[in-house]
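Trainee: Could we go through this model together? I would like to understand the reasoning behind the words people use for it.

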Amino acid sequence: MLTIISPAMRMRSFDLLAPLSQTTPYFLSEAHHIAREVKKLEFTEMAELLKVKGELAAEMYALWQDFEIDEPAKPHTNPALGAFWGIAYTHLNPLDFSYDDWLYAQDHLRIGSGLYGLLRPLDAVQHYRLEMQAKLKIDEEKSLARFWSRRLSQVLEAQANGTIVNLASSEYAKVLLADISSKTKILNCDFKILGKKGYFTQSTWAKIGRGSLARFITQEQIDSVEGLEAYSAYGFYLSPSFSSKDSLVFVADKPTIPEKL
């Protein structure tokens, strides 16, 4: 069973536990090819591609100019799972992962990426910003999504051992899973909270749920759909009435976040 998640826009530096070491991304040569195309862009072209402006545009332009292609120095890279920083990753919280947690995640968790395509948790990445939906022409393809879809689905299916747990956003899932065959089961997961008109999916709580469930899978070494059904955190629990054979839906009447994460 393989779990997929989305990256985050923000990134940070991260120190690994010894004796863990960074690994090489599957599609490093493709990532360098894409990076070369991004680095060619003028400031205004890059700002438009990344959909940023002002100080953030200047920051991202400088970030890409510093991106190393031919010989990336080790001090400039970080393990992917620790490098991404956002709501989902706060609740996945690899900061307190044990050695065994990292090893399990390396074998069972994959992160989609507009630049690197597909990442394992220990894969070495440089800081970057590039969304999968960016309209960047690569070779004969008019967008990153078209460039990556078939490549990524082939790798995922080969490693999934029959089941992919989808904890990625819809933007990334439709690329990662575009060419998955019917031989592989895709299990979608959703998180709903109770509102005045019933249960609904709220974006922040959905991100919290995805990160928390990925953490649960990793730390409990879940390898079956039945194991996933035992997840309960922040007030969420499995709803049989909302769920189906292809989708697990977790609901919370009054979701709460503990003071200590």
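Mentor: Happily! Let's settle one word before we start: contact means heavy atoms within 4.5 Å. Keep in mind too that this is a predicted model.

Trainee: With that in hand, which residues is proline 7 in contact with, leaving aside its neighbours within four places in sequence?

Mentor: Phe84, Tyr89, Ile111, Gly112 and Tyr172 are in contact with proline 7. Proline 7 itself sits in the loop between β1 (2-5) and β2. Its C-alpha atom is 9.5 Å from that of alanine 83, although 76 residues separate the two along the chain.

Trainee: What makes proline 7 count as buried or exposed?

Mentor: Buried means under 20% relative accessible area. Proline 7 has 16% relative accessibility, so it counts as buried. Threonine 163, in strand β8, also has a relative accessible area of 16%, so threonine 163 is buried. Beyond four places in sequence, threonine 163 is in contact with Met1, Leu2, Thr184 and Lys185.

Trainee: Why is arginine 210 called partly exposed?

Mentor: Partly exposed is the range between under 20% and over 50%. Arginine 210 comes out at 23% relative accessibility, so partly exposed is the right term. This arginine belongs to helix α9 and touches Leu167, Ala168, Ser169 and Phe191, not counting residues up to four places away in sequence.

Trainee: How do you know that the length of helix α9 agrees with its number of residues?

Mentor: The expected span is 1.5 Å times one less than the number of residues. For the 18 residues of α9 (residues 203-220) that gives 26 Å, and the end C-alpha atoms are 26 Å apart, so the two agree. Many of its residues are buried, among them Trp205, Ile208, Leu213 and Phe216.

Trainee: What makes glutamine 202 a cap for α9?

Mentor: A polar contact needs N or O atoms within 3.5 Å. A side-chain oxygen of glutamine 202 lies 3.1 Å from the backbone nitrogen of threonine 204, at the N-terminal end of α9. Just after the helix, glutamine 221 takes a positive phi of about 50 degrees.

Trainee: Why are α2 and α3 called roughly perpendicular?

Mentor: Angles of 65 to 115 degrees count as roughly perpendicular. Helix α2 (residues 43-50) and helix α3 (residues 54-65) pack at about 105 degrees, with axes 10 Å apart; α2 and α3 are therefore roughly perpendicular. On the α2 side, Phe43, Met46, Ala47 and Leu50 take part, meeting α3 residues that include Tyr61 and Trp64. The residues of this contact divide into nine nonpolar, one polar and no charged.

Trainee: What is the phi of lysine 51, and why does it get a mention?

Mentor: Most residues other than glycine have a negative phi. Lysine 51 is not a glycine, yet its phi is positive, about 55 degrees. Its place is the loop between α2 and α3. Exposed means over 50%, and lysine 51 is at 74% relative accessibility, so it counts as exposed.

Trainee: Where does asparagine 161 lie, and is it buried or exposed?

Mentor: Asparagine 161 lies in the loop between α7 (144-159) and β8 (163-167). At 69% relative accessibility it counts as exposed. Asparagine 161 also has a positive phi of about 55 degrees.

Trainee: Which peptide bond is cis?

Mentor: The bond from alanine 18 to proline 19 is cis, with omega near 5 degrees. Proline 19 is in the loop between β2 (10-11) and α1 (28-39). Most peptide bonds are trans.

Note on methods
Residues numbered from 1 in each chain as written. Predicted model: local features only at pLDDT ≥ 70, side-chain atom pairs only at ≥ 80, totals over all residues. Heavy atoms only, no water. Helix = DSSP H or I, 4+ residues; strand = E, 2+ residues; numbered from the N terminus. Buried < 20%, exposed > 50% of the residue type's maximum accessible area, 1.4 Å probe, protein only. Polar contact = N/O pair within 3.5 Å; in protein donor to acceptor, adjacent residues only side chain to side chain. Axes fitted to C-alpha atoms, helices over the stretch in contact; angles between N-to-C directions. Parallel < 35°, antiparallel > 145°, perpendicular 65-115°, else oblique. Nonpolar A, V, L, I, M, F, W, Y, C, P; charged D, E, K, R; others polar.
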